[in-house]
Each structure stands twice: as C-alpha cells, then as structure tokens.
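Work through the exercises below with the sequence and the model in view. Each task is followed by a solution in steps.

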Amino acid sequence: MEALTGQLIPGIEMKLGFTPRLRAIAGYSLAGLFALWSIYTADMFDQAASISGSLWFDGFLDYMNASVPHSSVRQVYLSLGDQEKKARTPKLAAVEDCTRQAAELLQTQGVPVKFELNRGGHFHEVPERIARGINALTDYKEN
C-alpha cells in the first residue's frame, strides 16, 4: 500500500502537474477486495468500486465490522453477477451474501453505497461491468 499511496500516485500526479478533486480506486475480483480494503487502510481514496469483489475472503467482513473507513470516503460502488452465488465451492457461493453484508456495514458506517446485481456469472461481461462501476463513481455529485 505504501508504494501505491506514497510513491506511485503522488509521482504520477506530480508528473501530470495536478492534484485531482477526488481519487477513486476500483478493482475486479481479488482487486475488488483490495479496493474495498484500501478505504480502510489509506486516507487517499474518496471513492471505491468493488466489482465482483472476493468479499467471501476469510475474516474480511469481521475486519470491516471492527474497522472504520477513512472519513474522506464519499461513496462505494459494489456489484456482482446474479449467478455468482451458484459457484460449486461453498466459500465462493457465499459471495452475494457477503457483498450484501458489506454494503450494509458500509451504510451503517456512514458511507453511501450503490449496489448492483448484474446478469451472469463472475466472468460475464467483465469489461462492461468494470466500466459501469467506474461510471458510477464518475457520476458522483457532491451535496
């Protein structure tokens, strides 16, 4: 995380010559888990999108429950395929329940959440689903 938030992002912004008004992090599958974890561990991100995130990962919901997202977080987008709960592995099949629980936890922690259930399984329309997640973040309007 230090390489990302302490070196990579500041270096890119310095090279581009600007600091953005908002910073978002987005990821698909295991990277979706990382994106959500990032809003708890780094104060750099205002928004996060976890698309088909591996939120079934052992202990992650407990971690969310015991932690608080950074105060800079303004919104989170969560999405999942409606067939992902039909995975053969019981742990993976819990992904929809875990994602819904994550959405509820975030809301109780004061973070606005947009949750979408998409058509298909984990590998269905991946680029389109990532684009929808990023678009949901870019559509953010400050109150």
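**Exercise 1.** Is Glu 96 buried or exposed in this predicted model?

Solution. Glu 96 has a relative accessible area of 8%. The cut-off for buried is under 20%, so Glu 96 is buried.

**Exercise 2.** Find the salt-bridge partner of Glu 96 in helix H5 and describe the pair.

Solution. Step one: the side chain of Glu 96 meets that of Arg 100 in a salt bridge, at 3.2 Å from N to O. Step two: both residues lie in helix H5 (residues 95-108), and because they are four residues apart, about one helical turn separates them. Step three: Arg 100 is partly exposed, with a relative accessible area of 35%. Step four: Lys 85 joins Glu 96 and Arg 100 in a network of salt bridges.

**Exercise 3.** Which parts of the chain does the salt bridge between Glu 84 and Arg 129 tie together?

Solution. Step one: the closest N and O atoms of Glu 84 and Arg 129 are 3.2 Å apart. Step two: Glu 84 is in the loop between strand S3 (75-81) and helix H4 (90-93), while Arg 129 is in helix H6 (residues 126-138), so the bridge connects parts 45 residues apart in sequence. Step three: Glu 84 is buried at 7% relative accessible area, and Arg 129 is buried at 0%.

**Exercise 4.** Describe the salt bridge of Glu 13.

Solution. Step one: Glu 13 pairs with Arg 23, with 2.7 Å between the closest N and O atoms. Step two: Glu 13 belongs to helix H1 and Arg 23 to the loop between H1 and strand S1 (24-28), ten residues apart. Step three: Glu 13 counts as buried, at 13% relative accessibility.

Note on methods. Residues are numbered from 1 along each chain as its sequence is written. This is a predicted model: local features need pLDDT of at least 70, side-chain atom pairs count only at pLDDT 80 or more; totals for chains, interfaces and linings use all residues. Side-chain values use heavy atoms; hydrogens and water are left out. A salt bridge is a side-chain nitrogen of Lys or Arg within 4 Å of a carboxyl oxygen of Asp or Glu. Helices (H or I, at least four residues) and strands (E, at least two) are DSSP runs, numbered from the N terminus. Buried means under 20% relative accessible area, exposed over 50%, partly exposed in between (1.4 Å probe, protein chains only).
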